[in-house]
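Open the model in your viewer and keep the selection tool at hand. This tour moves from the whole chain to single residues and back again.

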Amino acid sequence: MKLHYFHGRSPLRDLVMVKDGQRIELHIRPAGGGHWGLVALAGPDRGRPDGQFCRGPWPTQARAESVLRSVAGTMVGKGYEPKPGDYAVWSVTAQRLARTIGVPQGEQATPDADPDQFKPLTR
């Protein structure tokens, strides 16, 4: 497995991967309480995300980055090409989803408490 694409001293907070017109964006975001989470969004390269998953929370950004690198390595093995310089177009959606990481299912924000009314797309 080649992970040399992702080595470096700077933090890896976002990574775009592309294969045959499909796009995957991996995002490391604050998940509240000083913790970090990973949000992955998938969809057509020129469209809106139609799939998602969230993992975490982890107590450090470094641990969340480690998981991002692991997921990216798996995606490279499936033929996705990393584009570390590409602009992450779904970052606002990723931040919104990161707020739900670690929140028990029955305790998610009510519409009164959360001004963002967008319902997540799931597969």
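Begin with a pair of residues: select Q22 and P44, and you have bridge partners, with P44 sitting in β3. Before going further, bear in mind that this is a predicted model.

**The strands around that pair**

Now extend the selection to β2 (22-32) and β3 (35-44). These two strands pair in the antiparallel sense over 10 bridges. Follow the chain through their hairpin, where 2 residues lie between the strands, and stop at G33, which takes a positive phi near 65 degrees.

Next, add β1, residues 14-19, which pairs with β2 in the antiparallel sense over 6 bridges. If you click V16, you will find E25 of β2 opposite. β1 and β2 also form a hairpin with 2 residues between them, and in the turn D20 has a positive phi of about 50 degrees.

How many of the 11 residues of β2 are buried? The count is 8, so β2 is largely enclosed by the rest of the structure.

**Zoom out**

Show the whole chain as a cartoon. You should find 2 helices and 5 strands, and from start to end the pattern reads β-β-β-β-α-β-α. Of the 123 residues, 37% are buried. Turn on contacts between residues at least 6 apart in sequence, and 58% of them join residues at least 24 apart. With a surface displayed, the chain exposes about 7500 Å², of which carbon and sulfur atoms supply 52%.

**R23, a charged stop**

Go back to β2 and select R23. Is this residue buried or exposed? Its relative accessibility is 6%, so R23 counts as buried, the cut-off being under 20%. Show its side chain and look for two polar partners. One is the side chain of D45, at 2.9 Å. The other is the backbone oxygen of Y87, which lies 2.7 Å from a polar atom of the R23 side chain. Setting aside neighbours within four places in sequence, the contacts of R23 include V16 and M17, then L41, A42, G43 and P44, and also Y87, A88, V89 and W90.

**Helix α1**

Select α1, residues 61-77. Its 17 residues should span 24 Å at 1.5 Å a residue, and the end C-alpha atoms are 24 Å apart, which agrees. Colour its buried residues, among them A64, V67, L68, V71 and M75; the buried residues of α1 pack against β1, β2, β3 and β4.

Pause at A64, which belongs to α1. This residue is buried, with a relative accessible area of 0%. Leaving out neighbours within four places in sequence, A64 is in contact with I28, W36 and W58. A distance label from A64 to I28 should read 6.6 Å, C-alpha to C-alpha, although the two are 36 residues apart in sequence. Just after α1, look for G79, which takes a positive phi of about 100 degrees.

**The nonpolar cores**

In soluble globular proteins, nonpolar side chains tend to be buried together. Here, the largest nonpolar core has 17 residues, and M17, L26, L38 and L68 touch the most other members. The elements giving two or more residues to this core are β1, β2, β3 and α1, with α1 providing the largest share, 6 residues.

Select L38 and show what surrounds it. Not counting residues up to four places away in sequence, L38 touches L26, H27 and I28, as well as F53, C54, R55, W58, V67, L68, V71 and I101. Apart from the largest core lies another, of 8 residues, including L41, A94, L97 and I101.

**Helix α2 and the loop before it**

Move on to α2, residues 91-98, where T93, A94, R96, L97 and A98 are buried. The buried residues of α2 pack against β2, β3 and β4.

For the last stop, step back into the loop between β5 (81-83) and α2 and select G85. G85 is exposed, with a relative accessible area of 76%. Which distance separates its C-alpha atom from that of L15? Your label should show 8.1 Å, for residues 70 apart along the chain.

Definitions and conventions:
Residues numbered from 1 in each chain as written. Predicted model: local features only at pLDDT ≥ 70, side-chain atom pairs only at ≥ 80, totals over all residues. Heavy atoms only, no water. Buried < 20%, exposed > 50% of the residue type's maximum accessible area, 1.4 Å probe, protein only. Helix = DSSP H or I, 4+ residues; strand = E, 2+ residues; numbered from the N terminus. Contact = heavy atoms within 4.5 Å. Areas by Shrake-Rupley, 256 points an atom, 1.4 Å probe, with all protein chains shown as cover. Pairing = 2+ DSSP bridges. Core = buried A, V, L, I, M, F, W, Y, C linked by side-chain atoms within 4.5 Å. Polar contact = N/O pair within 3.5 Å; in protein donor to acceptor, adjacent residues only side chain to side chain. Expected span 1.5 Å × (residues − 1).
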